[in-house]
Structure formats: C-alpha cells, structure tokens
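Good morning, and thank you for making time for this presentation. I should like to take you through one structure, beginning with its open spaces and ending with a few single residues.

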Amino acid sequence: MARRAQPLGLAIPAGLAAGGVMLALSLGTLAAVAGRAEGVAVLGPADWAAVRFTLMQALLSAGLSVALAIPVARALARRRFPGRGLLITLLGAPFILPVIVAVIGLLAVFGRGGLVSQALASLGLGPIDIYGLEGVVLAHVFFNLPLATRLILQGWLAIPSERFRLAASLGFTPGDVTRHLERPMLRTVLPGAFLVIFLICMTSFAVALTLGGGPRATTVELAIYQAFRFEFDLGRAALLSLIQFALCAGAAVLAFGVTVSGAMGAGLDRPLARWDAGGYGPRLLDAAWVGLAALFLVLPLAMIVGRGLAGLADLPLSVWQAAGRSLAVALGSAALTLALALPLALAAVRLGGARGAAVQAAGTLSIAASPLVMGTGLFILLFPLADPVALALPVTALVNAAMSLPFALRALTPAVAEAETGFGRLADSLGMTGAARLRLVLWPRLRRPVGFTLGLSAALSMGDLGVIALFADPGQATLPLQLYRLMAAYRMEAAAGAALVLLALSLGLFWIFDRGGRTDAEA
C-alpha cells in the first residue's frame, strides 16, 4: 500500500497503541504468570502426554475437516439448486455456535443415548462411546467442516470462468480439469485452511473439558486449566502455554513454507458454466456429499431446539440471571474488539509493507495464546490494585475481545485497504484527515464489516467457557458456565433449555449486529 502525503490523524498512533495492548495481553500476561512461579517448572509424563494428544487431535481434526470439505465445496461450486444460498449461509452458523451448546447437540445424536446409538441398539449392536479422542475430533470436525468448506469454496469460485471455457475448447476431460485447474487451486488454498483450523483446535478448551474423557484425552489448554484450578502451579502453566505458543508458531511457519502462490490470473467475471460435471454419477455423488454434510450439521441443531423447548419450563432463576451477565460480557467484548481492531486495521493499511504487516501480526498473536494464561496474568497484575474476583466479568470480556481480534482483522483490514485505494487520493486532495476522513470516506464502506465484526465477537463471547470457569464465584456465573454446572449435576432437561436460550442469544446477537451493518450501507 502506498503511503499518503498526509497522515490519517491519530490512526497510526492509535493502531500502535492497540498493537502494544495485544502484545501485553499475549506475551506480557505469560511473563507475569512465569514471574510469579516458584522455582523451575518441570513437565511430568502427564504433561507430555497432553502435548502429544493435543497435536494428534489437532492434526486429525484439521485433516478430516479439510479432507471432507473438498468434495462438499466442489459440489457447491459446480451445482445450482434451490436453497443453495441458504445452505452456504448456514455453513457459518457452527463457527459462532457456543461450544457447550454444540456438545449437547452432538450428545443427542452420537451419545450413548443418542439417535445413532438407538439405531445401533435396534440392530443388536452396542452404543457409541463419544468421550475421548473420538468425541474431541468429532466436535472439532462439526465446528470446522463448515469453515473449511467456505474457505475452499472461495478458492473454487476464484478460478476464472475463462479457464473452464478454454479447457472445454481444448477437449479437456474431467480428469484433465482436476489436474490442471482444481489441484493447483487447492495447493494455494488448503495450507491456509488447514493452518487456521489447526490453530483453533490446538487452543480448544471447552471441547476437551466436556468430551475429553480423562487423563488420556487431555489437551494442553485443559492441562493449563488443571494446573491453575487444582494445583495453582503457575510455572507449569506458563511452560505449557509457551510450548503451545511454540507449536502454533511452528505450524504457521510450516504452512507458509508449503503454500504456493496462485497463478490463475484475472477473469472477466462471467457466469461459470461447468460442462465437466454432467451425468447421473457425478450428480448423485455431489448430491450425496451436500446432503450428508447438511445432515451432519443440521441434525444436532434440530435436536438442541427439540429438547430445549421441552426444558424451558424447568429453567431455574439462576439461568436467566446468568444470561443477563453473559449479555453484558458479550456487548462489552464486542465494543472492546472494535476499539482494538479498527485502529489496528487503519494503521496496518496506512503504514503498509513490513511495518504494516508487523502491526497486523501483533493483533493476531492471540490466536496462538492461551486465554487461561491471559486471564490469570491479568488477575496477577490486578491483584495489588483490586479484588480480582470482583473483576472476573470485565477481565473475561477483555480476554474474549483479544481472542476475537484475529477474525475481526480478517474482516476489517481488506475493507479499509479497498476504501483507501479507491478514495484515498481524493480524500488527500481535499485535505480530509482524522474524524472527517473516517466519517465521510471510510465509515460508509466499513459498515458491513464492522457489523459482522461486532456480531461475530458478541456471539463468540456469548458462548465462551474459558476464563470465567477459573475465577467466577457462584454468583458470577455466565450462561455457558451455568449450563456446564447443570450438565455436571445431571439436570439434563434444564441444561437443554439453557442451551436453547444460549443458542438463541448467540445467533440473535450475531444477526442483529450483522443486519445493522447492512442497513443503508453503501458498500
């Protein structure tokens, strides 16, 4: 990005300040935890087993999600059918679905008393054991298969239609199309998709907490929680967090090393007509992949709604109080996310080059950090100043904002860059800087990504079960924590009702913000 002659007001200083805040939250809190540790931490066999299990489940989850997403994305790319747009939109729902709610839906389908186990029992077979490695991988695939499908689908749709027209004129067979057009595209898209899902699975906490199934299925994040909650071994928790950070960084370097740049070139945006997918065989195969993926994603959601409606009447008052606290945390987290993401995006675009990339990298560090370590570090730093337990909800909102920031930057930075490319020179010639430039030039073109950012951050925070599980007293529980407590007490009907409330609030918040960003937006 070329730099303008005139500065954009306080955008660069504010962006640098936001980057400093993220460095402090990601690395500073880790240093605070390590500084309070007594002696030199040594990892035991159980800790190394957690590291191995984390790597195994993350590799399996990311690999399966990407592998299954390829035929689903291919079918969506080359087929047109009623409801296709709605299905593609619904593919975004599991990513913002609260983890604890999704676990209840998966248990209703794949648990020992679920639909699949009941069907096996009618055949004289035993039930499925969803706990352990199988359950963790299943839950991660449920969450990340739609994300992988959306990422790979964008790669397919980015192949210019002129390439397919040329292939048809040259007499390419379907195998030739796959070899010369689709495989090169996958080489550019798959490493990035695999990396994103791998990082998400590496730092997963709630899935392992609910479906881990004991010491043999403990992730690093769950081991960090146990070190804090049961042993208060800060040194061990810090060392585990550092190992997790190093593994995520190594995965990122490896993924960038195997990624190749695309060489498809530009097209004329003509409608794409695929001749290579005719015949009953390919049509049935595509229909089967789309149908199975839709069933896998929709059935647990339908079970949540069905069982939740029956459990609404059994909800205690504590659930509604927890829902109010979760709403406050979610709204605060969304505001903090935007307050950090917008200056970072503006500064990254304004600075450009290596400095802009460094600013953006500071904002994405949290994707490899442990939210539990982040929260504990904040409590250690706040302890001399105030009662940390009394600040459990604000600290949770701040940590949730930091964890949502990488996704917010992915939405905001390209929009800022496009607005500056299209209108920056005109704004410079008119002497527009600061608030006037933001209000008249950028804001009309940022309404949609800002609405999406606020909705995504609020929904992710609404369903988070992380820092609050460590420090909340009984009177400060958020709705996900209250739901987990109902499940632990085997009050499954009330838990199903609470899950439905949490699902409705999460999706409702996302819809309100996302829809608000689209209203009267110019871009």
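**Pockets, cavities and packing**

I begin with the second largest pocket, which is lined by 18 residues; nearest its centre lie Leu107, Tyr131, Met487, Tyr490 and Met492. Please bear in mind throughout that this is a predicted model. Two or more residues of that lining come from each of H5, helix H13 (280-311), H20 and helix H21 (492-518). The space in this second largest pocket is about 490 Å³. Sorted by class, its lining holds eleven nonpolar, four polar and three charged residues.

Two of the helices just named also pack against each other. Helix H5 (residues 99-110) and helix H20 (residues 479-488) are set at an angle of about 35°, and their axes are 10 Å apart. On the H5 side, the residues that meet H20 are Ile100, Val101, Ile104 and Leu107, while H20 contributes Pro480, Leu483, Tyr484 and Met487. What classes of residue make up the contact of H5 with H20? There are eight nonpolar residues, with no polar and no charged ones. Leu107 and Met487 therefore deserve a second look on your screens: they take part in the contact between H5 and H20, and they are among the residues nearest the centre of the second largest pocket.Let me step back to the chain as a whole. The protein chain has 21 helices and zero strands. Of its 523 residues, 52% are buried. Among contacts with a separation of 6 or more, 83% join residues that are 24 or more positions apart.

The largest nonpolar core contains 157 residues, and those with the most contacts inside it are Val101, Phe228 and Leu483. Helix H14 (residues 317-351) gives the most to this core, namely 16 residues. A second, separate core has five residues, among them Ile96, Phe407, Leu456 and Ala459. Val101 and Leu483 have already appeared in the contact between H5 and H20. As for Phe228, which residues does it touch, not counting those up to four places away in sequence? They are Val33, Leu234, Ala237, Leu372, Val373, Thr376 and Leu470.

I turn next to the largest pocket, with a volume of about 2,000 Å³. It is lined by 48 residues, and Leu147, Leu151, Phe407, Arg410 and Phe452 are the closest to its centre. Phe407 is also a member of the second, separate core. H9 gives the most to the lining of the largest pocket, with eight residues. In this lining, 34 residues are nonpolar, eight are polar and six are charged.

There are also enclosed spaces to consider. How many cavities of 30 Å³ or more does a search of the whole structure find? The search finds four. The largest cavity has a volume of about 700 Å³. Its lining comprises 32 residues, of which Val99, Ile200, Thr203, Leu460 and Asp464 are the closest to its centre. The helices that each supply at least two residues of this lining include helix H9 (174-202), helix H17 (392-429) and helix H18 (434-462). The largest share, four residues, comes from H17. By class, the lining of the largest cavity has 20 nonpolar, ten polar and two charged residues.

I close with three single residues.

The first is serine 461, which is found in helix H18. Is serine 461 buried or exposed? Serine 461 has a relative accessible area of 5%, so it counts as buried. Beyond its neighbours within four places in sequence, serine 461 is in contact with Val329, Ala330, Ser333 and Asn400.

Next is glycine 463, in the loop between H18 and helix H19 (467-471). Glycine 463 counts as buried because its relative accessibility is 8%, below the 20% cut-off. Setting aside residues up to four places away in sequence, glycine 463 touches Pro98, Val99, Pro480, Leu502 and Ser506. Val99 is one of the residues closest to the centre of the largest cavity, and Pro480 belongs to the contact of H20 with H5. From glycine 463 to alanine 499, the C-alpha to C-alpha distance is 9.9 Å, across 36 residues in sequence.

The last is alanine 294, found in helix H13. Why is alanine 294 described as partly exposed? Its relative accessible area is 21%, and the partly exposed range lies between 20% and 50%. Leaving aside neighbours within four places in sequence, alanine 294 is in contact with Leu87 and Leu299. Alanine 294 and leucine 90 are 204 residues apart along the chain, yet their C-alpha atoms are separated by 9.1 Å.

Key
Residues are numbered from 1 along each chain as its sequence is written. This is a predicted model: local features need pLDDT of at least 70, side-chain atom pairs count only at pLDDT 80 or more; totals for chains, interfaces and linings use all residues. Side-chain values use heavy atoms; hydrogens and water are left out. A nonpolar core is a set of buried Ala, Val, Leu, Ile, Met, Phe, Trp, Tyr and Cys residues joined through side-chain atoms within 4.5 Å. Buried means under 20% relative accessible area, exposed over 50%, partly exposed in between (1.4 Å probe, protein chains only). Contact means heavy atoms within 4.5 Å. Axes are lines fitted to C-alpha atoms, for helices over the stretch in contact, and angles run from 0 to 180 degrees between N-to-C directions. Ala, Val, Leu, Ile, Met, Phe, Trp, Tyr, Cys and Pro count as nonpolar, Asp, Glu, Lys and Arg as charged, and the others, Gly among them, as polar. On a 1 Å grid over the protein atoms alone, a cavity is a set of points where a 1.4 Å probe fits but cannot get out, and a pocket is an open set with protein on both sides within 12 Å along at least five of seven lines; lining residues have an atom within 4 Å of a point. Grid points are joined across faces, edges and corners, and a volume is the space filled by probe spheres set on the points.
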